[in-house]
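Let's walk through this structure together, strand by strand and then helix by helix. Keep the 3D view open as you read.

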Amino acid sequence: MTSIASTNNAALLILQQVRPPATHENGPQKSATDEIAAIINRVAGGDSPVKTQAASQITSSLLDVKQANDDIVADALKFLDSDGFKSSDPGVKDTLKSLIAQDGGGFAGLVKAEKAKNSRLADENAITNAIMKMIKGNRDRFTDDEIVMGFRYSNGSSNITSIDDKTGNSTHRALWARHTAAQDEATATLKEFLEVAKDPTKPNNFDGSRLKTTLLATLAAGAELGAWGDRWQQAFGF
């Protein structure tokens, strides 16, 4: 009678030896199934119950992973075809669908990695994060221009974001940098003002109008950044 322990040990040895198939310049690559079959024969040679049960466990695990990946890919493709996904470039959707179809396992891995970083992250958010990473990782497959995208989720929330053009620039990046710089300047000026205000009897050369100017600049930069997002929300119908 074959013990459960011996079967599990054999399966463990097999899993430990599983590796991506090597590239063969003079012949086709071995599939994952071929690799596993070869390892099973080495670890538990002959037609033994251990070999049969270990192979069954490995096959079952592989099928579970494949099914999970297929489900993620199906959800992503459904999202891309829904009103929840919008892009400034109509070609982005078809290119994404083509990339996901070519490497569904790789895309599913990106989604799983997002979930691993934050277990509370909603599946839709993990998918959109993975979409962003897939575009950045295959930037040469998309338009040279800045790509603005809108994501609307099933809970009613939405997000407008962008990916830089191929030179690393974008309107969104420029607006964000301007807003950040204005905030930093206003914070530094406010700190200086508070230091002066601690002891008004001490002489100082603080220019009060500068505080007003930096605060107004921050408000203006924030309004411009907000207007950019509002324009795209309207364009996407969110």
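F85 has F151 of β2 as its bridge partner, while S87 is matched with M149 of β2. These pairs belong to the contact between strand β1 (residues 85-87) and β2, which run antiparallel over 3 bridges. Strands here are DSSP E runs of at least two residues, helices are H or I runs of at least four residues, and both are numbered from the N terminus. Two strands count as paired if DSSP finds at least two bridges between them. Before going further, please note that this is a predicted model, in which local features need pLDDT of at least 70 and side-chain atom pairs count only at pLDDT 80 or more, while totals for chains, interfaces and linings use all residues. Residues are numbered from 1 along each chain as its sequence is written, and side-chain values use heavy atoms, with hydrogens and water left out.

Now look at the other partner of β2. Strand β3 (residues 158-163) is joined to β2 by 6 bridges, again in the antiparallel sense. Here V148 has S162 as its bridge partner in β3, and G150 stands opposite I160. The two strands form a hairpin with 5 residues between them. In that turn, G156 has a positive phi of about 95 degrees.

Put these pairings together and you have an open sheet of 3 strands in the order β1-β2-β3, with antiparallel pairing. β1 and β3 are the edge strands, each pairing on one side only. From one strand to the next, the twist averages 20 degrees. Helix α8 (residues 208-236) packs on this sheet and touches β1, β2 and β3. The direction of α8 makes about 110 degrees with that of β3; axes are lines fitted to C-alpha atoms, for helices over the stretch in contact, and angles run from 0 to 180 degrees between N-to-C directions.

How enclosed is strand β2? Of the 6 residues in β2 (residues 147-152), 5 are buried, so the strand is largely enclosed by the rest of the structure. Buried means under 20% relative accessible area, exposed means over 50%, and partly exposed lies in between, using a 1.4 Å probe and protein chains only. Across the protein, buried residues make up 30% of the 238 residues.

Stepping back, the protein has 8 helices and 3 strands. Along the sequence they follow the pattern α-α-α-β-α-α-α-β-β-α-α. Of the contacts with a separation of 6 or more, 60% are between residues 24 or more positions apart; contact means heavy atoms within 4.5 Å.

Next, let's turn to two helices. A130 sits in helix α6 and counts as buried, at 0% relative accessibility. Leaving aside neighbours within four places in sequence, A130 is in contact with F107, L110, V111 and E114. The C-alpha atoms of A130 and V111 are separated by 5.4 Å, although the residues are 19 apart along the chain.

K115 lies in helix α5 (residues 104-117). With a relative accessible area of 25%, K115 is partly exposed. Beyond neighbours within four places in sequence, K115 is in contact with L121, A122, D123 and A126. I127 is 12 residues from K115 along the chain, and their C-alpha atoms are separated by 9.4 Å.

Which residues line the largest pocket? They are D75, K78, F79, S82, D123, E124, I127 and T128. The elements giving two or more residues to this lining are α3 (49-80) and α6 (123-137), and α6 gives the most, with 4 residues. A pocket is an open set of points on a 1 Å grid over the protein atoms alone, where a 1.4 Å probe fits, with protein on both sides within 12 Å along at least five of seven lines; lining residues have an atom within 4 Å of a point. About 190 Å³ of space lies in this largest pocket, where the volume is the space filled by probe spheres set on the points, which are joined across faces, edges and corners. By class, the lining has 2 nonpolar, 2 polar and 4 charged residues. Nonpolar covers Ala, Val, Leu, Ile, Met, Phe, Trp, Tyr, Cys and Pro, charged covers Asp, Glu, Lys and Arg, and the others, Gly among them, are polar.
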